[in-house]
Amino acid sequence: MRHIIRNITTFLSTDHERRAEESYLNGSVDRIDLEYRQREIDRGVFRKTARRGIGIN
C-alpha cells in the first residue's frame with residue numbers, strides 16, 4: 001500500500017516541480033541569468049532527494 005501511495009505522490013509532485021522550474025526560468029533577465037538558473041536546476045534546486053536507507057521506506 002505504501003508503494004502505491006508513494007508512486008501517486010511522486011507523480012503529483014513531478015508536475016509541481018516542473019511548473020516551479022519553468023516559472024523560475026521565465027524570471028531570468030538575460031541569457032547569462034538564464035544559463036545560471038539552468039545550472040541550478042540541473043544541480044537539483046527544486047528536486048527533493050530521497051533519503052535511502054534512513055528511516056522507513
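The legends below accompany several close-up views of one predicted model.

This is a predicted model, in which local features need pLDDT of at least 70 and side-chain atom pairs count only at pLDDT 80 or more, while totals for chains, interfaces and linings use all residues. Residues are numbered from 1 along each chain as its sequence is written, and side-chain values use heavy atoms, with hydrogens and water left out.

**View 1. The chain as a whole, with two helices and zero strands.** Helices (H or I, at least four residues) and strands (E, at least two) are DSSP runs, numbered from the N terminus. The accessible surface of the chain comes to about 5300 Å², and 56% of this surface belongs to carbon and sulfur atoms; such areas come from the Shrake-Rupley method with a 1.4 Å probe, and for residues only the protein chains shown count as cover. Of the 57 residues in the chain, 11% count as buried, where buried means under 20% relative accessible area, exposed means over 50%, and partly exposed lies in between (1.4 Å probe, protein chains only).

**View 2. A nonpolar patch on the surface that includes Met-1.** The patch is formed by Met-1, Ile-4, Ile-5, Ile-8, Phe-11 and Leu-12, which together have about 710 Å² of accessible area. Patches are made of residues with over 30% relative accessible area and no salt bridge, with nonpolar side chains (Val, Leu, Ile, Met, Phe, Trp, Tyr) joined within 5 Å and like charges joined within 9 Å. Met-1 is found in the segment before helix H1 (2-26), and Met-1 is exposed, with a relative accessible area of 74%.

**View 3. A salt bridge between Glu-22 and Arg-18 in helix H1.** Side chains of opposite charge can pair when their charged atoms come close. A salt bridge is counted here when a side-chain nitrogen of Lys or Arg is within 4 Å of a carboxyl oxygen of Asp or Glu, and by this rule the count comes to three. In this pair the N to O distance is 3.0 Å, and because Glu-22 and Arg-18 are four residues apart in helix H1, about one helical turn separates them. Glu-22 is partly exposed at 39% relative accessibility, and Arg-18 is partly exposed at 40%.

**View 4. Two salt bridges in helix H2, Arg-31 with Glu-35 and Arg-37 with Asp-33.** The closest N and O atoms of Arg-31 and Glu-35 are 2.9 Å apart, and these two residues lie four residues apart in helix H2 (residues 31-43), about one turn of the helix. Arg-31 is exposed, with a relative accessible area of 59%, whereas Glu-35 is partly exposed at 31%. For Arg-37 and Asp-33 the closest N and O atoms are 3.1 Å apart, and these residues are likewise four residues apart in helix H2. Arg-37 counts as buried at 15% relative accessibility, and Asp-33 counts as buried at 19%. Asp-33 also touches Gly-27 and Ser-28, not counting residues up to four places away in sequence, where contact means heavy atoms within 4.5 Å.

**View 5. Glu-40 in helix H2, buried yet without a salt bridge.** The nearest side chain of opposite charge is Arg-43, which is 5.0 Å away from Glu-40; for this purpose Lys and Arg count as positive and Asp and Glu as negative, while His and the chain ends are not counted. Glu-40 touches Tyr-24 and Val-45, when residues up to four places away in sequence are not counted.
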